[in-house]
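Here's a quick briefing to read alongside the model. Have the viewer open and follow the topics in order.

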Amino acid sequence: MSTANIRRVKSSEIELKDRLVHIGRVTKVTKGGRTFSFSAMVVVGDEKGVVGFGLGKAKEVTDAVTKGVNDAKKNLVKVPVYKGTVPHEQYGKFGGAYIFLRPAAPGTGVIAGGAMRAVLESVGIKDVLAKSQGSSNPHNVVKATIDALTKMRDAITVAQHRGVKMERVFKG
């Protein structure tokens, strides 16, 4: 992920909602038999531009989810949301997963698949056109989506970065 414009957020300051993305059952075979454990991928967000993801592993599903939520609260980032959609088109990549996000008109809804949908809804995006290509592994899709979202920049940030007025950004 690019570290240029990632804005970290403290989890104690906001009300977060968690979404379970994926539960995996892991089997360890020993001479005494099979030992089962679970891994849980969780996404948390305040639906106002803050999102984070976490992975928890435990012998029980509930413990794995709890650990995932706690891990996700440690990885929160602020994302620009413009009128309920993303500010501009953006690609994201992680491992073999490739993500494409495109702004959509109001009323379109979140046109995205499973793991990507959880991330976009947790951020608070209401209208977006999204496409996932390559790997459909939920872990990599979530990380690629967050990569795309952290690369997003709103007009104010672009104007400050270029050292020009807001009107100049839109004139091209």
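Helix α2 is mostly covered, with seven of its 10 residues buried. Keep in mind that this is a predicted model. The protein has 172 residues, and 40% of them count as buried.

**Helix α2 and what it packs on**

- The buried residues of α2 are Ala115, Met116, Ala118, Val119, Leu120, Ser122 and Val123.
- The axes of α2 (residues 114-123) and α3 (residues 138-151) come within 8 Å of each other, crossing at roughly 40°. That angle makes α2 oblique to α3, and the crossing is right-handed.
- On the α2 side, the contact is made by Ala115, Met116, Val119, Leu120 and Val123. On the α3 side, Pro138, Val141, Val142, Thr145, Ile146 and Leu149 do the job.
- Sorted by class, this contact of α2 with α3 has 10 nonpolar residues, one polar and no charged ones.
- For reading the spacing, remember that an α-helix has 3.6 residues a turn, so residues three or four places apart point the same way.
- Right after α2 comes Gly124, with a positive phi near 110°.

**The aromatic pair**

- How many aromatic pairs does a search of the whole structure find? It turns up one.
- Tyr91 and Phe100 make up that pair, with ring centres 4.8 Å apart and 40° between the planes, which counts as tilted.
- The two partners sit on opposite sides of the burial cut-offs: Tyr91 is exposed, at 57% relative accessible area, while Phe100 is buried, at 15%.

**The loop between β5 and β6**

- Both Lys83 and Thr85 belong to the loop between β5 (77-78) and β6 (90-94).
- Is Thr85 buried or exposed? Thr85 counts as buried, because its relative accessibility is 7% and the cut-off for buried is under 20%.
- Setting aside neighbours within four places in sequence, Thr85 contacts Pro103, Ala104, Ile125, Asp127 and Val128.
- Lys83 is exposed, with a relative accessible area of 68%. Its phi is positive, about 50°, although Lys83 is not a glycine.

**Another positive phi, and a loop with a distant partner in sequence**

- Most residues other than glycine have a negative phi.
- Glu47 has a positive phi near 60° and is not a glycine either. You'll find Glu47 in the loop between β3 (33-45) and β4 (50-58), where Glu47 is partly exposed at 25% relative accessible area.
- Ile14 sits in the loop between β1 (7-8) and β2 (17-30). Ile14 is partly exposed, with a relative accessible area of 25%.
- Ile14 and Gly45 are 31 residues apart along the chain, yet 9.1 Å separates their C-alpha atoms.

**The overall layout**

- The protein has five helices and nine strands.
- Reading from the N terminus, the order of elements is β-β-β-β-α-β-β-β-β-α-β-α-α-α.
- Take the contacts between residues at least 6 apart in sequence: 59% of these join residues at least 24 apart.

Key:
Residues are numbered from 1 along each chain as its sequence is written. This is a predicted model: local features need pLDDT of at least 70, side-chain atom pairs count only at pLDDT 80 or more; totals for chains, interfaces and linings use all residues. Side-chain values use heavy atoms; hydrogens and water are left out. Axes are lines fitted to C-alpha atoms, for helices over the stretch in contact, and angles run from 0 to 180 degrees between N-to-C directions. Helices (H or I, at least four residues) and strands (E, at least two) are DSSP runs, numbered from the N terminus. Angles under 35 degrees count as roughly parallel, over 145 as roughly antiparallel, 65 to 115 as roughly perpendicular and the rest as oblique. A crossing is left-handed if the near helix is turned anticlockwise from the far one by less than a right angle, and right-handed if clockwise. Contact means heavy atoms within 4.5 Å. Ala, Val, Leu, Ile, Met, Phe, Trp, Tyr, Cys and Pro count as nonpolar, Asp, Glu, Lys and Arg as charged, and the others, Gly among them, as polar. Rings of Phe, Tyr and Trp (its six-membered ring) pair if their centres lie within 6.5 Å; planes under 30 degrees apart count as stacked, over 60 as edge-to-face and the rest as tilted. Buried means under 20% relative accessible area, exposed over 50%, partly exposed in between (1.4 Å probe, protein chains only).
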